[in-house]
Amino acid sequence: MKLEFLSFDYDKFAQEMQNLKDKKGFDYLVTIVGEDFGAEEGLGCVYILENSNTHERCSVKMIARTKECGDGMSSNGTGEMDGQMIPYLPTVSKIWRVADLLEREVFDFYGIVFIGHPDMRRLFLRSDFKGYPFRKDWQFNDKYTLDDDVEPDYGLEFYFDKDGYLQTKQNKLFDSDEYVINIGPQHPATHGVLRLQTVLDGETVKRIYPHLGYIHRAIEKMWEGMTYPQTLALTDRLNYLGAMQHRHALVGVIEEAMEVELTDRIKYIRTIMDELQRLDSHLLYTSCVAQDLGALTGMLYGMRDREHVLNVMEETTGGRLIQNYYRIGGLQDDIDPNFVKNCKELIKYLRPMIQEYMDIFGDNIITHNRLVNCGPMNLEDCINYAVTGPAGRASGWKNDVRKNHPYDMYDKVQWEQCTLDGCDSMARYMVHINEMYQSLNIIEQLIDNIPEGDFYVKQKPIIKVPEGQWYYSVEGVAGEFGVYLDSRGDKSPYRMKMRPMGLSLVGAFDPMLRGQKVADLIATCAAIDVVIPDIDR
Amino acid sequence: MEDNKSYFGEIGQGLKTLAIGMKTSWKEYFKDFFTNKSTEQYPENRKTTLHVAKRHRGRLVFKRNEDGSYKCTACTLCEKACPNGTIKITAHMAEDPETGKKKKVLDDYAYDLGDCMFCQLCTNACNFDAIEFTNDFENAVFDRSKLVLHLNQEVYAGGSLPNLLEGGAEWQVGKFNTKTK
Amino acid sequence: MFDFSIVTQWFDALLRETLGLGDFLSILIECVLVGTAILVGYALIACVLIFMERKVCAYFQCRLGPMRVGYWGLLQVFADVLKMLIKEIFIVDKADKILYLVAPILVIMGSVGAFSFLPWNNGATILDFNVGVFLLTAISSIGVIGIFLAGWGSNNKYSVLSAMRAAVQMISYEVSLCLCLITAVILTGTMQMSGIVEAQTGPFKWLIFQGHIPAIIAFFVFLIAGNAEANRGPFDMAEAESELTAGHHTEYSGMGFGFFYLAEFLNLFIIAGIAATVFLGGWAPVNIGIDAFDAVMNYIPGIVWFMGKTFFLVWILMWIKWTFPRLRIDQILKLEWKYLMPMCLINLVLMTVVVALGLYIK
């Protein structure tokens with residue numbers, strides 16, 4: 001989607017954003033893109049919004065203002081940032097709760113402060129990191145420290161005092177007598193290096209602070225120095241179970257910007273591959289839920305069958321985790337001669353197996369007791385916290401990008417969007433199970449009809465994208481995965497930003513889990529399907 | 001859920017689901033007791049029942065003509081395409097004795113396997129069909145410097161395993177070959 | 001039926017009369033020998049169990065399990081034990097040193113203590129008091145103190161959570177466990193281990209036949225509660241590796257951890273052993289009242305019967321563990337206090353009625 005920015009007066013910004021949500025129904029904040037627009041415009045943000053009923057999207061661009069922090073004299077706040085020139089914008093985290101983490105990300109990378117946000121800590125980088133690395137004038141500095149990172153035990157809030165000075169105040173994160181336990185970053189149940197700083201009262205969770213960035217690679221910054229074909233190589237390293245979809249979103253945005261016409265064959269194969277990847281991911285998901293609840297046998301049945309999905313994909317793509325299959329203008333290679341036969345056998349094999357996972361794990365009374373009412377979140381909150389994907393659909397939110405913004409063959413095949421209204425982890429698990437059947441249906445419809453044609457539309461040796469901004473999203477394995485592209489006509493992007501699937505899911509942990517048990521935290525963490533490299537990028 | 005079921009109804013229902021679970025694992029335990037396994041015994045099976053997809057990216061090699069000569073012209077397109085700086089090409093200009101034209105001659109094609117992320121951008125960039133990935137995957141060495149391969153100097157004679165480049169043993173969806181022979 | 005007491009009496013006579021040793025020396029030698037036998041048996045059975053667990057779990061999961069060390073992986077366990085023995089035992093700096101060191105010893109003590117009560121054969125019951133069952137439950141519950149101390153002493157937040165869980169869970173399930181044993185005792189009329197087995201010899205005299213409905217209920221409840229007592233899945237709350245990393249033994253290395261590991265497996269064996277003794281007749285063979293058949297059965301030594309029954313139950317418990325997901329702590333307690341314990345109490349009354357009215361199979 002080519003973006004046409006709305007722009008608002010700075011003073012009316014907060015009000016206009018509220019209006020967008022209340023009056024125009026843009027209740028789903030897709031993402032906030034921090035951007036350094038260059039020396040003339042300065043720093044700012046792009047907000048991408050969606051109406052969850054009509055699925056209409058709009059985008060708002062807002063340039064940050066700059067002001068010196070403090071009043072120049074002894075401060076009546078904490079005086080922590082006094083004397084620095086600070087770009088600032090009003091917060092929207094009270095309108096869309098998902099903005100809580102998104103704004104912290106922008107602050108982390110661009111140093112834009114959000115007035116009224118209660119917790120302006122760094123999100124991904126160490127708290128002793130100097131500077132804001134995504135600014136265009138930031139100089140890479142190879143000096144780093146191996147000292148302990150002393151984390152602040154307070155969140156910084158910026159506000160204007162009555163004299164109009166920009167001031168800071170500290171909001172305590174913990175009470176002194178609270179029992180704080182770190183779930184992660186090295187923990188078997190967080191599926192990677194996620195750290196959830198959890199305040200406990202006995203076994204009961206009182207508050208969760210996510211700490212991210214343990215596998216942050218600044219892929220978006222790296223992209224700015226890469227040619228377009230080179231950028232592709234990094235997408236498979238996000239959610240390693242959604243390699244196809246991630247690359248799909250990236251080639252999608254570039255192809256849309258370059259107006260590349262794809263052949264039907266490419267579209268068919270991409271759709272099939274996306275669905276195979278979804279099967280792969282969902283199989284691992286259902287296995288991991290079983291594992292995190294202690295049912296190792298249920299897990300291994302899923303892993304065993306996932307092997308066959310991977311084998312089918314590997315014959316064509318040459319990869320099991322790093323698929324490396326889509327490229328700008330088509331595919332890396334044509335499908336394997338046995339691909340059609342293998343896919344059919346796979347469908348035949350897999351259908352009865354899904355029932356087996358239900359028999360050994362999904363239908364089990366213990367599983368039901370563990371997952372029902374575990375990590376509940378209702379529809380309204382799901383939209384507010386932008387819990388997309390199967391987790392959102394489990395609360396009845398029809399958010400499937402494949403239906404709402406169809407791409408490739410998804411509007412030409414018969415399939416159903418799986419929604420449930422359980423609003424809990426059991427419903428999330430069931431949505432995944434149902435989606436596996438739907439994926440099999442989609443593949444079944446397409447596999448016999450792959451049309452002849454080219455698998456690759458020849459592109460120029462040096463790919464340049466015309467000027468403009470685009471946003472393109474696909475239904476990733478655990479939510480909406482989108483890529484925002486700002487091109488200035490070069491052979492490398494000016495700014496590219498992903499909408500990771502997991503970031504908003506992590507932001508939803510705290511409201512979901514307050515008052516639940518530690519064991520529920522693990523169960524929810526598993527059932528909501530977070531994969532850390534995707535969150536951290 | 002708990003409220004609208006009787007105390008005993010709940011127990012009955014629960015026991016039933018537990019029994020189904022037990023039945024399922026029982027079935028998997030005793031069904032084809034000796035063959036219903038998914039473990040593949042690498043490395044015992046490496047020369048026998050191992051299957052490696054033909055398109056698997058194990059390492060980069062030079063494609064050779066029948067006389068053993070290679071097609072690389074040292075144009076450095078692959079070097080430029082590589083996001084990691086994995087490929088280092090050194091070449092010099094030399095006069096072709098037959099035509100008398102000046103031409104680049106490849107001295108060294110250094111490929112650092114340890115840095116490669118197998119993105120295939122180099123093979124995509126190559127206009128001369130000079131390089132390709134093979135599924136030769138047993139590349140572990142004890143010294144990192146041994147990972148720097150000089151593709152023009154080595155004579156690549158198939159993988160470390162017989163029949164590997166053709167994919168090894170047959171495979172089938174839904175079946176595992178757990179045997180070593 | 002071969003009576004092992006012939007051997008023990010012969011040996012006693014050998015010491016006292018042939019060698020002419022006094023009371024003190026002969027008892028000392030006997031104690032040392034028996035103690036060594038217990039420990040060796042304990043270690044060997046642990047090895048067998050660990051290997052069995054790996055293979056059984058692998059086969060449930062469509063895997064092969066260990067295949068490398070020795071033929072079919074037979075030496076894997078010995079390799080592991082060797083590894084564990086030569087690993088450094090470190091002591092956590094901020095741990096409560098005494099509790100930290102005492103904990104694994106307490107755990108293993110409770111386990112070995114309970115182990116010594118098992119009746120291996122006719123006349124081969126090592127500790128055979130008249131209050132055997134009673135003492136057994138008392139000694140086996142020392143283990144919970146060890147686990148609690150380990151969790152508390154390690155000064156690790158995960159471990160503390162785990163210790164709390166373990167304590168509350170094990171103390172709760174002890175109730176059902178004892179009630180089930182008492183149910184059995186009502187029928188046998190004795191708490192002595194050898195007496196309990198004695199009462200089950202003869203055609204269809206195994207307790208689950210003899211006591212029919214109440215005994216069968218007690219048997220199943222005993223298995224469930226015993227599983228919970230041994231901290232095994234689906235009740236492995238205290239360990240819960242996906243939640244609390246390794247629970248109470250997170251901070252232990254080498255044999256410190258080894259003791260917990262051993263005790264866990266042996267507790268499984270002990271639970272299965274007691275269940276086999278009390279409900280399946282221990283070393284008592286299958287007798288159906290037909291002389292020829294019974295004679296053949298009686299010819300099979302008691303220890304084979306005992307081991308066979310015990311390992312069968314161990315297999316059942318493994319089957320359960322490798323099928324079900326883990327419960328949550330409040331659900332475990334709910335299961336105990338809302339379902340198992342009331343059932344046990346009713347069952348106790350039922351059994352009393354059965355015995356009082358003589359409705360059991362005589």
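## Report on a predicted multi-chain model

Chain C has a mean pLDDT of 84, with 98% of its residues at 70 or more. The structure described here is a predicted model. Within chain C, helix α14 (residues 302–321) carries the highest confidence, at 88, whereas helix α11 (residues 241–244) has the lowest, at a mean of 66. For the complex, the predictor reports a pTM of 0.87 and an ipTM of 0.84.

Chain C is split by the domain assignment into domain 1 (1–86) and domain 2 (89–357). Between the C-alpha centres of these two domains of chain C the distance is 19 Å. Their contact draws 19 residues from domain 1 of chain C and 23 residues from domain 2 of chain C. On the domain 1 side of this contact, α1 (5–18), α2 (23–60) and α3 (76–86) of chain C each contribute at least two residues. The most, 11 residues, come from α2(C).

The contact between chain A and chain B involves 30 residues of chain A and 23 residues of chain B. On the chain A side, the elements giving two or more residues are α4 (228–235), α7 (296–317) and α8 (339–362) of chain A. Of these, α7(A) provides the largest share, 9 residues.

Two of these helices, α7(A) and α8(A), also meet each other. Their axes come within 10 Å and cross at roughly 170 degrees. Because this angle is over 145 degrees, α7(A) is roughly antiparallel to α8(A). From α7(A), the residues in this contact include Tyr301(A), His308(A), Val309(A) and Val312(A); among their counterparts in α8(A) are Phe339(A), Leu346(A), Tyr349(A) and Met353(A).

The table sets out the residue classes of the three contacts described above.

| Contact | Nonpolar | Polar | Charged |
|---|---|---|---|
| Side of chain A that touches chain B | 10 residues | 11 residues | 9 residues |
| α7(A) with α8(A) | 12 residues | 6 residues | 3 residues |
| Side of domain 1 of chain C that touches domain 2 of chain C | 15 residues | 2 residues | 2 residues |

Chain A also contains a pair of antiparallel strands, β11 (residues 195–201) and β12 (residues 204–211), joined by 7 bridges. In this pairing, Thr198(A) of β11(A) lies opposite Ile208(A) of β12(A). The two strands form a hairpin with 2 residues between them, and Gly202(A) in the turn has a positive phi of about 65 degrees.

Terms used:
Residues numbered from 1 in each chain as written. Chains lettered and ligands numbered in written order. Predicted model: local features only at pLDDT ≥ 70, side-chain atom pairs only at ≥ 80, totals over all residues. Contact = placed C-beta atoms within 7 Å. Helix = DSSP H or I, 4+ residues; strand = E, 2+ residues; numbered from the N terminus. Nonpolar A, V, L, I, M, F, W, Y, C, P; charged D, E, K, R; others polar. Pairing = 2+ DSSP bridges. pLDDT = per-residue confidence, 0-100. Axes fitted to C-alpha atoms, helices over the stretch in contact; angles between N-to-C directions. Parallel < 35°, antiparallel > 145°, perpendicular 65-115°, else oblique. Domains from an automatic or database assignment.
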